[in-house]
Amino acid sequence: MAQSSIPKILFSSLKPRLPQMLELLRELTLLESPSTEKAPADRCCNFLADQWLLRGGIIHILKREHRGHHLRVVWPPLAGRPSGQLLVLGHYDTVYPTGTLAQMPFRVSGGKAYGPGTFDMKAGLVQALFAFEALQELKLPVTKNIVSLWTSDEEIGSESSRSLIESEAKRSDAVFVLEPSLGPRGLLKTSRKGVGEAELLVHGRSSHAGLAPEKGINAIHELAAQITRIERWNNYRSGVTVNADIIEGGSRTNVIADRAKATLDLRAWRHSDMRALESRLHSLRPIHRGTKLEITGGFDRPPLERKHTAALFSRAKSLAKQLGITLGEAAAGGGSDGNFTAAVGVPTLDGLGAVGDGAHSTHEHVLIKTMPERAALLAALLSCC
Ligand SMILES: [Zn+2]
């Protein structure tokens, strides 16, 4: 079989399966799976495990006490010893609490499938399942072990899955992330900002605001001065941003506040900028005499830099061309689990999931007709890498 025909063969096999893909997307969407609710998340995980079993995967359910289980699926080559490993990565959790379906039901309209988590990223899960189905039925030559990980807590920072993702990535030659693509043309994400969170806590001294104002040290005044200082660190050209997005402090108007706190969102495109921002934060000193600062936190997802993804992207681009798709790329200001896999030095291609719009919003949807071609692209990448 000529290499150049593989994407087309895959697409012809996948295109007629669109009704089944849509039906599976409906079933998966109806199994609401918020990151913070273990029982419904586990149900969704078990359903996914059954789907992989049906397609010849070897299943490992990795149980977690407080979060939904993670699902690891191994798919060995049809013949011979594996010559390496590829990792397919995704999450089945969503940002929507159970019951969201009542206001935001699964529905199909105008070529789009709407519903909580459809775009981010249940359609991506469906595409992966059908990509494997097609590879298996067509008996295409896959030479590597393919491991896929479907995790339960990406939307809340991946605390219970991070080490699993990193150790699986270290064993892999490449990682394919099924996060949604960007925009109606389905751009892949070839760089992502590093993302973090820090807390700036100010201690002052309380006093009666009328009887003894001179004895007080106002923590809110200090925090305000610090925030004004920090605000100047924003640099849209280099992409370094720091935003105080939550503040709290004080108790009553006649009491000088002895405590104030800001939670900061941190972002950067480059590792070096990330480190510089962290050290700047941790070297903040009080402006008002007598106050004390406590700074905690930092980046938890390092940036996904383009150098870790360029070669895989050009391979994807040439495979997509054989499907008649002009594949573009984009940089994303948000992080994903792909940030972790790139940070351990493994080539990572992100945004290989659904084409659609409205992630984390009431109009979240998928462009239905793109599902078979995106599944074919993933399958082609797995058979040629
Ligand atoms: Zn996602």
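Biologist: How many disulfides does the structure hold?
Modeller: A disulfide here is a pair of cysteine sulfur atoms within 2.5 Å. The sulfur of Cys 384 has its closest cysteine sulfur in Cys 385, 4.4 Å away, which is too far for a bond. Cys 385 is likewise in no disulfide. The count for the structure is 0.

Biologist: Before we go on, what kind of model is this?
Modeller: Residues are numbered from 1 along each chain as its sequence is written, and side-chain values use heavy atoms, with hydrogens and water left out. Local features need pLDDT of at least 70, side-chain atom pairs count only at pLDDT 80 or more, and totals for chains, interfaces and linings use all residues, since what you have here is a predicted model.

Biologist: Back to that cysteine pair: is Cys 385 buried or exposed?
Modeller: We call a residue buried under 20% relative accessible area, exposed over 50% and partly exposed in between (1.4 Å probe, protein chains only). Cys 384, at 23%, is partly exposed. Cys 385 has a relative accessible area of 14%, which means that it counts as buried.

Biologist: What share of the residues in the protein is buried?
Modeller: Let's sketch the whole protein before giving that value. Its C-alpha trace spans about 85 × 45 × 40 Å along the principal axes. There are 11 helices and 16 strands (DSSP runs numbered from the N terminus: H or I of at least four residues for helices, E of at least two for strands). Of the 385 residues, the buried share is 54%.

Biologist: Which residues coordinate the zinc ion?
Modeller: Donors are N, O and S atoms within 2.8 Å of the metal (3.2 Å for Na, K and Ca), and sites may look incomplete because water is not among the atoms. The coordinating atoms here lie at 1.9 to 2.8 Å from the zinc ion. Glu 179 appears twice in the list, each time through OE, beside one NE2 and one OD atom. By name, the residues are His 91, Asp 120 and Glu 179.

Biologist: How many residues apart in sequence are the parts that His 91 and Glu 179 tie together?
Modeller: Along the sequence the donor residues follow the spacing H-x28-D-x58-E. His 91 is in strand S3 (residues 85–91), while Glu 179 is in the loop between strand S7 (174–177) and strand S8 (188–192). Both residues are buried. The pair therefore links parts whose separation in residues is 88.

Biologist: Asp 120 is a zinc donor, so to speak, a neighbour of Met 121 in the chain; what is the peptide bond from Asp 120 to Met 121, cis or trans?
Modeller: Most peptide bonds are trans. Met 121 sits in helix H5 (residues 118–138). The bond from Asp 120 to Met 121 has omega near -5 degrees, and that bond is cis.

Biologist: What is the phi of Lys 139?
Modeller: Lys 139 is found in the loop between H5 and strand S6 (145–151). With a relative accessible area of 64%, Lys 139 is exposed. Most residues other than glycine have a negative phi. Lys 139 has a positive one, near 50 degrees.

Biologist: Which residue in S11 is the bridge partner of Gly 249?
Modeller: Strand S11 (residues 259–268) has 8 of its 10 residues buried, so the rest of the structure largely encloses it. Two strands pair if DSSP finds at least two bridges between them; strand S9 (residues 194–203) joins S11 through 10 antiparallel bridges, and strand S10 (residues 241–249) pairs with S11 over 8, also antiparallel. Val 202 stands opposite Ala 260 in S11. Gly 249 has its S11 partner in Ala 260.

Biologist: Which are the edge strands of the open sheet of 4 strands?
Modeller: That sheet has the order S4-S5-S16-S15 and antiparallel pairing. S15 pairs with strand S16 (residues 365–367) over 2 bridges, and Asp 357 has His 365 as its bridge partner in S16. The strands that pair on one side only are S4 (107–109) and S15 (356–357).

Biologist: Where does His 360 lie?
Modeller: His 360 has a positive phi of about 60 degrees although it is not a glycine. Its relative accessible area is 42%, which makes His 360 partly exposed. Its place is in the loop between S15 and S16.
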